[in-house]
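Good morning, and thank you for making time for this presentation. Please have the sequence and the structure in view as I speak.

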Amino acid sequence: SIRCGGDKMDEAIINYVKRKYNMLVGERTAEQIKITIGVASATAKTETMEVKGRDLVAGIPKVIIATSDEIREALIEPIHAIVETVHLTLERTPPELAADIVDRGIMLVGGGSLLRDFDQVLRSETKLPILRSEDPFTAVVHGAGKALEDLQLLKQVALT
């Protein structure tokens, strides 16, 4: 688990819109942009979305048309941070667990895992199978609960 998931992606979108369009959007709008036209890969079809916010100069409401290419550009840093963390974690993974990962793959959880083509980006970067949780929003809680039920197993897989 890293602190660079969906919230950091939303923050990156807010900052991008602020820099490029001189417009302020809220967290809910940024999340809606991410869900609607957010994409992790340059190979995806370009989509557009009407985005409403407040003009930072005039202070009045403003509407722009954002593209999925722009949002992908805004998300480059958080996506790169996640990919780097996955690489570092794999390097520190015990051999027995690494073998299991090669067989079973990496499970993506959390709202950020729903970003279109994110699984493809990770697959291409790690050369490992990438799976998405059926219920990404609660998978972390369920997994933590199972780990706490078997403390011996938790000690075996915990990284020091």
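I shall discuss a strand hairpin, then the nonpolar core, and finally one pair of helices.

Please bear in mind throughout that this is a predicted model.

Let me begin with the hairpin. Strand 2, residues 48–55, and strand 3, residues 61–67, run antiparallel and are joined by 7 bridges. Within this pairing, Met49 stands opposite Ala66 of strand 3. The two strands, 2 and 3, form a hairpin with 5 residues between them. In the turn, Gly59 has a positive phi of about 75°.

I turn now to the core. Which residues touch the most other members of the largest nonpolar core? They are Val51, Ile79 and Phe118, in a core of 31 residues. At least two residues each are supplied by helix 1 (6–21), helix 2 (27–37), strand 2, strand 3, helix 4 (76–91), strand 4 (106–108) and helix 6 (118–126). Helix 1 provides the largest share, with 5 residues. As for Ile79, once its neighbours within four places in sequence are set aside, its contacts are Met9, Ala40, Leu115, Phe118 and Val121.

Finally, the helix pair. The axes of helix 1 and helix 4 come within 8 Å and cross at roughly 155°. Because angles over 145 degrees count as roughly antiparallel, helix 1 is described as roughly antiparallel to helix 4. On the helix 1 side, Lys8, Met9 and Ala12 make the contact, and on the helix 4 side, Pro78, Ile79 and Ile82 do so. By class, this contact of helix 1 with helix 4 comprises 5 nonpolar residues, 1 charged residue and no polar ones.

Technical notes:
Residues are numbered from 1 along each chain as its sequence is written. This is a predicted model: local features need pLDDT of at least 70, side-chain atom pairs count only at pLDDT 80 or more; totals for chains, interfaces and linings use all residues. Side-chain values use heavy atoms; hydrogens and water are left out. Two strands pair if DSSP finds at least two bridges between them. Helices (H or I, at least four residues) and strands (E, at least two) are DSSP runs, numbered from the N terminus. A nonpolar core is a set of buried Ala, Val, Leu, Ile, Met, Phe, Trp, Tyr and Cys residues joined through side-chain atoms within 4.5 Å. Buried means under 20% relative accessible area, exposed over 50%, partly exposed in between (1.4 Å probe, protein chains only). Contact means heavy atoms within 4.5 Å. Axes are lines fitted to C-alpha atoms, for helices over the stretch in contact, and angles run from 0 to 180 degrees between N-to-C directions. Angles under 35 degrees count as roughly parallel, over 145 as roughly antiparallel, 65 to 115 as roughly perpendicular and the rest as oblique. Ala, Val, Leu, Ile, Met, Phe, Trp, Tyr, Cys and Pro count as nonpolar, Asp, Glu, Lys and Arg as charged, and the others, Gly among them, as polar.
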